[in-house]
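Thanks for making the time this morning. I would like to take you through one model, starting with an annotated stretch in one chain and ending with a helix pair in the other.

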Amino acid sequence: MSYLARTLPKRVPNPFLAQSIRQTRALSTKTLQSTPTTRTTQHKPRTNQRHRTYHSALHARLPDHSYTNSQTAILTSALAHVPTHGFSATALTLGARDAGFLDVSVQLLPRGEFDLILFWLASRRGLLRGKVEEGGLFRRIAAEKGKDVHELSVEERVRGLLLERLRMNMEVKDVWQDALAQMSLLANIPLSLTELHALASDILTLSGDDAVDATWYTRRLAVSAIYASAEVVMTRDPTPDLVETAAFVERRFEDRKALADKITGIGQCAGFGWNTAIGLGRSWGLKI
Amino acid sequence: MLPLPILRRCALSHCRHPAPATTPIFLDFLVPSTSKHGQCRQASTTAGTSGGSKPLYVLSKEQREFMDSALRVNQAGELAATLIYKAQTPQIVRSYPHLRPLMKHMYDQEAGHLKTFNHLIAKHQIRPTAMYPAWEVAATFLGWSTAALGREAAMACTEAVETEIGSHYNDQVREILSWEADAERRGEELDEELKEMLATFRRIRDEELEHLDHAVANDSKEAKPYDPLVDVIRLGCRTAIKISEKI
């Protein structure tokens, strides 16, 4: 701890930011316990590629990303500058300055702006989890529909969470296209997709989805696709409370349902035909 | 009496204030209280168990990954076993009606195991195997084709599969027992879920080996090309286990 006290700036970060980050459960900072050795290599924020492992209520959740304290400090204060300066090097520099670091310490983040984007995504995901775990979010969604919390179906919960996550992007709506462009760069695609999958997975798990067969994959794919396309729509949505985006999401869920029904129908029909053929063959005395 | 609360408040506020000032605030909220467990095992003492006396054994990342792949493989294995018996039953029962109760008994047990693992997979948020549809087709084909070869071949298939599955469960039980020994050495204890899972694995292993005995009792050794058949099926099982562990 004495090392931390020495390396970290004395000033207390913006209280508003503290509020907004309080529940970022998906993130963690590395606690440096041993005496520090001089490090020559850059420390890339590590991402667990195997996002989801054995989870138990009796064991703590493993963090998906790990940042060092300085990285967290810089990124946290840089987020405050994102609405005005975008996910840019300027925001990072201003954030570093705010946190009491030299401008050059931006180099602690080897991926640069992309690290800022990832931090944004991961922390918003953590916030979403926090909102659900406090219990207020589903109650609000249920109240909007005029239902009791327990009457909400998994589908409605997924829809509500997805919209809630989109609304979290409101403040960065104008700069989000740049972020999307950054994420679609070839080198950044794997991490972006990992994060997208993590979000879809979190949304489904929090909604109480308990698929244990191939639908596990199709559901995550569907939620990811809907979220990714809704994000693009959101950047061009002029309405104040993302009404158009909400309508878009609603339509996509209808589409998904229609498609799923069709596929299930075809599968049932094929299964029925197959079983009939087998049964007919057996009744004729074929050894099948 | 009046100054007492004031005094206390002063003392309290005095105590409370310096603490946050010395520790940087963002550390408090960015390190989730939960993630500190990994760094220091002692922090997890008395994490709300019924036993209460001993601290809880904290699973490392490797151990979690082991549980992750173990449960995934077990679910896939039970799915395959269920489908094999389901595909075998009509043909076997048609030629040998006296085997109906045995086939039903084995199928029911496998269906029970599958239900257990489906529940565990959902509870522990484990990704099911991506080969799910492939295993469904493969297992049905295996069951159907061995039954078409006759009762002995079908029983030889059961023997091969249950041998592999039985030893696989045995490995898992051994691994969890080694954790238990490790916990013992540290003066900690496994959590309730793991203990329960250990008991479940043992019970299921014994039931699988019981199926093996039934198969041998029903002339599995009489299958005509015995060695090639059993070897191929066992190799297939091992490959499927390896694949399901990863994806």
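Let me begin with residues 180-207 of chain B, where the chain is 82% helix and 0% strand and where the end C-alpha atoms are 23 Å apart. An unreviewed UniProt entry places the feature "coiled-coil region" at these residues of chain B, and I should say at once that what we are looking at is a predicted model.

Stepping back to the whole of chain B, we find ten helices and zero strands, so that is the setting in which the annotated stretch should be read. Of the 247 residues in chain B, 35% are buried, and among the contacts in this chain with a separation of 6 or more, 81% are between residues 24 or more positions apart.

Turning to chain A, the unreviewed UniProt entry gives the annotation "domain: COQ9 C-terminal" for residues 190-259. That span of chain A is 79% helix and 0% strand, with its end C-alpha atoms 28 Å apart.

Finally, the helix pair, which is also in chain A: helix α6, residues 113-134, packs with helix α8, residues 154-168, at an angle of about 135°, and their axes are 10 Å apart. Because of that angle, α6(A) counts as oblique to α8(A), and the crossing in which α6(A) passes α8(A) is right-handed.

Which residues in α6(A) and α8(A) meet? From α6(A) they are A:R124, A:L127 and A:L128, and from α8(A) they are A:L161, A:E164, A:R165 and A:M168. By class, this contact of α6(A) with α8(A) has four nonpolar and three charged residues, and no polar ones.

Methods: Residues numbered from 1 in each chain as written. Chains lettered and ligands numbered in written order. Predicted model: local features only at pLDDT ≥ 70, side-chain atom pairs only at ≥ 80, totals over all residues. UniProt positions renumbered as here; feature names shortened; annotations may be inferred. Helix = DSSP H or I, 4+ residues; strand = E, 2+ residues; numbered from the N terminus. Axes fitted to C-alpha atoms, helices over the stretch in contact; angles between N-to-C directions. Parallel < 35°, antiparallel > 145°, perpendicular 65-115°, else oblique. Left-handed = near helix turned anticlockwise from the far one by under 90°. Contact = placed C-beta atoms within 7 Å. Nonpolar A, V, L, I, M, F, W, Y, C, P; charged D, E, K, R; others polar. Buried ≥ 20, exposed ≤ 12 C-beta atoms within 10 Å, placed from the backbone.
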